[in-house]
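Dear colleague,

Please find below the sequence and the structure that I am handing over to you. My notes on it come after the display.

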Amino acid sequence: MKNLKKALYILALLFPVTLFAQKEIVIEPANITMEVGQKKQITAYVMENGKKLNDPINLLSRARRSLSIDSTMMAHAIQPGTYDIVAVADGVRKNFQIKVNYPAIAEIKIDDIPQKIYAGTSVALKYHVIDKSGATRDDVDVQFSSMYTNIAEVDDFGTVNTLIPGKATITVKAENVTNTITVNVVSNPIVKIQLEAEMNTARTGDVFHFKAKALDKNGKIVPDAPIFYSFSGVADNTSQSASGLIKNDGRFVADEAGRYTVTASCGVASASKTLKITPREVTRKIEMVGQGSVNDKHTSDFWVWEGIDGRDYAVTGTWGADGTAYFWDVTDPSNISKIDSVQVDARTVNDVKISEDGKICVISREGASDRKNGLVIIDVSNPRDVEIISRFDENMTGGVHNVFISGDYLYALSGGQKYYIIDIKDPKNPRAVSKFELDTPGHSIHDVWVEDGIAYSSNWADGIQLVDVGNGIAGGSPENPKQFASYAYPNKANHASFPFRSPSTGKFYVIGGDEIFPYGLNTGKGGVNMAGGYLHVVDFTDLENPEEVARFEIPYAGSHNYWIEGETLYVAFYNAGVRVVDLSGELMGDLRKQGREIAWIIPNDANGYTANAPFTWGAQLHKGHVFFSDWNSGLWSAKLEPEKPKNTPIKVK
Amino acid sequence: MKKTLIIVFSLIAITALQAQNYYVYVAAESEDEVALVKFDGKKAETIKNIPVGIWPAENEGPHGITVGPEGKYWYLSLAHGNPYGTLYKYETGTDKAVGSVTLGLFPASMQVSAATGLLYCVNFNLHGDMVPSTVSVVDVESMTELTQITTGAMPHGSRLTSDGLKQYSVAMMSGELFEIDAISLKITKTLDLDEASKMAPEDHSMMDHSKMDMGKSKMGDEKKSMAGMDHSQMDHSKMDMGGMPAMKHSAFKPTWVSTHPTKNLVYVAGNGAAEVLEISTDTWKTTRKFKTDKGPYNIDISPDGKRMVVSYKTAAKTGVWDLESGKELARLDNSQKVTHGVAISSDSKFAFVSVEGIGDDPGMVDVIDLTTNRLIDTAYLGKQAGGIAFWKIER
């Protein structure tokens, strides 16, 4: 027994003394409640066995932007809520909370409504609940009521439905604060709606522009009549819903072939127009032509160009490997042959680009052994014996993910934050002349593409940024880039951007692509993957008011890099291969549902780095062939069947 | 009684003869993986690869790794983000991610204080302009970043004293050593390491400057020659710093600081000067200078305070030093190029050294016996083995 006690004593000595066992931090006052904007002195000290110590102590807020505490233990309430505070001293800590009361509601602001509302029409109230700290609140219960429900009713969402002429009082209430407006309902003069469109038959995906006029009993136009558009339809395919998209400015597009009825209404007056929608019928055959296999490592981006000798060549990068870029002769797309390679200090050569004159290649470096990433400029005048001309690392050490060449300038991303513009007139001595970087909190960038003196960068949450680098639209130049337009979409996944000036409509679109991996990515050999995300078509015709008008999405696959030539889009969709899409005419709605997909091809390779696991990176049209790179299998070429002329007579013997 | 003693001694002898297993976590920076390496006294092997990161198509670069003082969790910094890096918290053993928090630009090395329970992680900010960066202070209980403390340009090598009350880091480009009070989170001391190196008690005429790592390119293995200019050697003072004054670029280039387990001393690796400085945290002066091979990068001090193990990144070697005599006991070749991190076992017997490799070389961990000063075995893992943390000994 004695020995056991001794052993236990020794064990107790051997075991580390538990941290924070004897000391205690005392916070005074014990319960702290504050008001927004208030400062309050907190007292904290360490007690040990009932004795107050003079140990240094620090109070740290887990939400310092909402409630801060300075080194004198003065708390400053910035935003309402309940916040966790950590008190730390030598060998002891304590967690406690400070409550910052929500300020009472101060007022409810209601935006102006029309001075007169025609009976039978509705108006949606726009309101803002403001608390005493001046903050707009959307977390409070708002109630609506009407004093004269025979004149106007109001629903739970603030939509006022008018019934008969008269004045109705609408009250909006939040907590104990109310605001009341008077709705002036007047007799509805509208007896007829005239509805016109430029056509009554069209293909799926063709955009109608309806124009509705509200007329009074004398046939006069009532200019301030609120008109609402809606549609219904029956698809030719009886198991398919007749879906489409209608906007309240009268634009309509149908997804399915069938009969659609578009209705414009104002109160009890309405007019409808029936449309016949036929299939778009743009599908064409596409056939695989050739492959340049890379099956010992992942392949990344590629570029195809006509060399100065008139033959056609391609360069491909590699991903998560040994820093190699391969050069190929693709003059005969059915016989793609590897002709040279370079190896640089990198694990990933993510991007490769060729100058317009076919003499200069630039490749990006990431994962360098010394963490000094950057880019490498290569002389490809003789693609069979390429020569590294120079390396450019200055301010690039965080990694160059994407590059672009336009004229005498390189555009190179740096560390995922900005891009540098580099003068390569003397490619042996590249020289950074400027940079473009946003100033938003946590800004980041993924890609940049330059066309007609405009740099289109893809900036994740900050979306598509248009920068004048010599176009002249905003007085910019490579030495002085000037941003002039932007569009960000809610999923914050903008990964690529490509301009598209629609020849058939004159509209200026920029197509922004997502990159999302909702199921993760197995990068090892044998990994089979699926991506997510889609293409966002943004109408930039009005640069100050860009509008996202359409999408192209493949279920259970995700967009990556793409190319537009004429009115045709060639887009790599990772596990869904290459998709060829008809961009003719105005774009609106769900382009795939509309039957705008011309063709698709998926590169299965039983000898791939991961066998039969297509994961297509990018696509490019070159001299009538669709070239594309695949993460698991290298470089491919395919041929799209020529478009058949419409109404071609069938020859019979 | 005699019988009892015999049994007890027999049991002790049997236990001593039983093999001990050592476990270290190692980050494979270009593989987005962490390897758990087991060493049984003779053989080292990767027994588990843990995929890390959330941006699959991007290399997120797991860089710094540490095991908390209680051994229940390990922490990993992912250097790249959009744009900020992330700190992850994993449960040891199950290796399940249990929390994360966004930190600054390129979060790198870190350690958890035994006194405050807070984690102190340097934001290395390798991404461009040489501007002062920060140390993030994280409450690992809730995985909340509590504050960022501004230090110097490219801070690296966050290490705490054994009592957890002082945190030290160096700024690689501005050449400074910082001491932060772990409770008040204030910088209490700053030291110019270029000056400290010059003032160190040693005859400088003895120094072999040819061995200095002046940031030479590692692109020697490129198939095609680099005929052009290497811009990494450019004069940074001529850079456009957006109106900012040009920042000092340290020739000493400190990359790491480690604390002595019992004495008020820290050891700083001068990657650019091929030396390690021993600095008294009381006098804040250099007490000794150890001339090393090219590119000293990381340092670990054995828990018994007797040995200092230094990775020589450029030379692809590891130095084992006797701290009492100040002599280098061994200079061992590593298994491949680019030696990176060092972690010494809690019994002070073995040093685990991560070796990055180049290109698609696998990452490696060389195990050095600190009693014989010999390399015993090598474990293989994903590309660019970097951050390394000792976890436990299991009998």
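The paragraphs below set out what was found, by chain and then by region.

Please bear in mind throughout that this is a predicted model.

I begin with chain A and its division into domains. The assignment for chain A places domain 1 at 22-101, domain 2 at 105-186, domain 3 at 190-278 and domain 4 at 286-640. Between the centres of domain 1 and domain 4 of chain A, taken over C-alpha atoms, the separation is 52 Å. An unreviewed UniProt entry carries the annotation "domain: BIG2" for residues 21-98 and 104-184 of chain A. Within residues 104-184 of chain A, the chain is 58% strand and 0% helix, and 31 Å lie between the C-alpha atoms at the two ends.

Next come the nonpolar cores. The largest of them comprises 147 residues. Those with the most contacts inside this core are A:Ala314, A:Val315, A:Ile363, A:Leu375, A:Ile378, A:Tyr411 and A:Ala412. Strand β40 (residues 409-414) of chain A supplies the largest share of the core, namely five residues. Another core, of 131 residues, lies apart from that one, and its members include A:Val36, B:Leu118, B:Ile183 and B:Phe390. To return to A:Val315, its contacts beyond four places in sequence are A:Phe302, A:Trp303, A:Ala325, A:Tyr326, A:Phe327, A:Val352, A:Ile354 and A:Cys361.

Chain B has 395 residues, of which 55% are buried. It contains 28 strands and two helices. If one takes the contacts in chain B between residues at least 6 apart in sequence, 47% of them join residues at least 24 apart.

One part of chain B that merits a closer reading is strand β6 (residues 86-91). Five of the six residues of β6(B) are buried, so this strand is largely enclosed by the rest of the structure. On one side of the pairing scheme, strand β5 (residues 73-78) of chain B joins β6(B) in the antiparallel sense over six bridges; here B:Tyr75 has B:Lys89 of β6(B) as its bridge partner. β6(B) also pairs with strand β7 (residues 97-102) of chain B, again antiparallel, over five bridges. In that second pairing, B:Thr86 is matched with B:Thr102 of β7(B). The hairpin of β6(B) and β7(B) has five residues between its strands, and B:Gly93 in this hairpin adopts a positive phi near 90°.

A second site in chain B is B:Lys392, which belongs to strand β28 (residues 385-394) of chain B. Is B:Lys392 buried or partly exposed? B:Lys392 has 14 other C-beta atoms within 10 Å; a buried residue would need 20 or more and an exposed one 12 or fewer, so B:Lys392 counts as partly exposed. Neighbours within four places in sequence aside, B:Lys392 is in contact with B:Tyr23 and B:Gly71. The C-alpha atoms of B:Lys392 and B:Gly41 are 13 Å apart, while the two residues are 351 residues apart in sequence.

Finally, I turn to the meeting of the two chains. Contacts between them involve 47 residues of chain B and 56 residues of chain A. On the side of chain B that touches chain A, strand β11 (residues 144-153) of chain B gives the most, with three residues. By class, this side of chain B consists of 19 nonpolar, 18 polar and 10 charged residues.

With kind regards

Technical notes: Residues numbered from 1 in each chain as written. Chains lettered and ligands numbered in written order. Predicted model: local features only at pLDDT ≥ 70, side-chain atom pairs only at ≥ 80, totals over all residues. Helix = DSSP H or I, 4+ residues; strand = E, 2+ residues; numbered from the N terminus. Pairing = 2+ DSSP bridges. Core = buried A, V, L, I, M, F, W, Y, C linked by C-beta atoms within 7 Å. Contact = placed C-beta atoms within 7 Å. Domains from an automatic or database assignment. Nonpolar A, V, L, I, M, F, W, Y, C, P; charged D, E, K, R; others polar. UniProt positions renumbered as here; feature names shortened; annotations may be inferred.
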